[in-house]
Amino acid sequence: MPERFHQSGDTQSAVEGLEAIAPGEGGIISRGEEKIAVWRDDSGALHGLSAACTHKGCTLTWNNADRTWDCPCHGSIFEAGGEVIHGPAKERLAPKPL
């Protein structure tokens, strides 16, 4: 994504590491240049997904109230597990190993 693509398209969910993600919450971790969307289910299991919206590549933000991944650029919303709830995105988020 170009540097100036969307001025307010930065994630609000960046965390330092997996230990910062409590059960029922999510966060964005960085692994080199790659950003991974991670959520911890109520049982404590971690799940990793691509943090790039499948519409235009903006980095997603975790919504604690709805337990969804929301795109700050164009409003796409994904279930915690990556399925599209609301577009313009049409493809689910790809799973990522942790």
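**Seven strands, pair by pair**

Trainee: How many bridges join β4 and strand β5, residues 68-70?
Mentor: This is a predicted model. In it, β4 and β5 pair in the antiparallel sense. Strands of a sheet pair through backbone hydrogen bonds. For β4 and β5, the number of bridges is three.

Trainee: Which residue is the bridge partner of Trp 62?
Mentor: Look across from β4, residues 61-63, into β5. There, Trp 62 meets another tryptophan as its bridge partner. That partner is Trp 69.

Trainee: What is the strand order of the open sheet?
Mentor: The sheet has four strands. Their pairing is antiparallel. The order is β4-β5-β6-β7.

Trainee: Which strands stand at the edges?
Mentor: Count the partners. An edge strand here has a single partner strand, so one side is left without a neighbour in the sheet. The edge strands are β4 (61-63) and β7 (84-86).

Trainee: What does the twist average from one strand to the next?
Mentor: Stay with the open sheet, β4-β5-β6-β7. Step from one strand to the next and average the twist. The value is 35°.

Trainee: Which residue in the hairpin of β2 and β3 takes a positive phi?
Mentor: Strand β2 (residues 34-40) and β3 pair in the antiparallel sense over five bridges. One bridge takes Arg 40 to Leu 46 in β3. Five residues lie between the strands, and one of them has a phi near 100°. That residue is Gly 44.

Trainee: What pattern does the whole protein follow along the sequence?
Mentor: There are zero helices. The strands number seven. Read along the sequence, the pattern is β-β-β-β-β-β-β.

Trainee: What percentage of the residues count as buried?
Mentor: Buried means under 20% relative accessible area. The protein has 98 residues. It exposes about 5700 Å², with carbon and sulfur atoms supplying 47% of that area. The buried share of the residues is 39%.

Trainee: In which strand is confidence highest?
Mentor: The mean pLDDT of the protein is 89. Confidence is lowest in β4, at a mean of 93. The highest value is 98, in residues 46-50. That strand is β3.

Trainee: Over which residues is the pLDDT below 50?
Mentor: Of the protein's residues, 89% reach 70 or more. One stretch falls below 50, and beyond near neighbours in sequence it has nine contacts in the model. The stretch is residues 4-9.

Technical notes. Residues are numbered from 1 along each chain as its sequence is written. This is a predicted model: local features need pLDDT of at least 70, side-chain atom pairs count only at pLDDT 80 or more; totals for chains, interfaces and linings use all residues. Side-chain values use heavy atoms; hydrogens and water are left out. Helices (H or I, at least four residues) and strands (E, at least two) are DSSP runs, numbered from the N terminus. Buried means under 20% relative accessible area, exposed over 50%, partly exposed in between (1.4 Å probe, protein chains only). Accessible areas come from the Shrake-Rupley method with a 1.4 Å probe; for residues, only the protein chains shown count as cover. Two strands pair if DSSP finds at least two bridges between them. Axes are lines fitted to C-alpha atoms, for helices over the stretch in contact, and angles run from 0 to 180 degrees between N-to-C directions. pLDDT is the predictor's confidence in each residue, from 0 to 100. Contact means heavy atoms within 4.5 Å.
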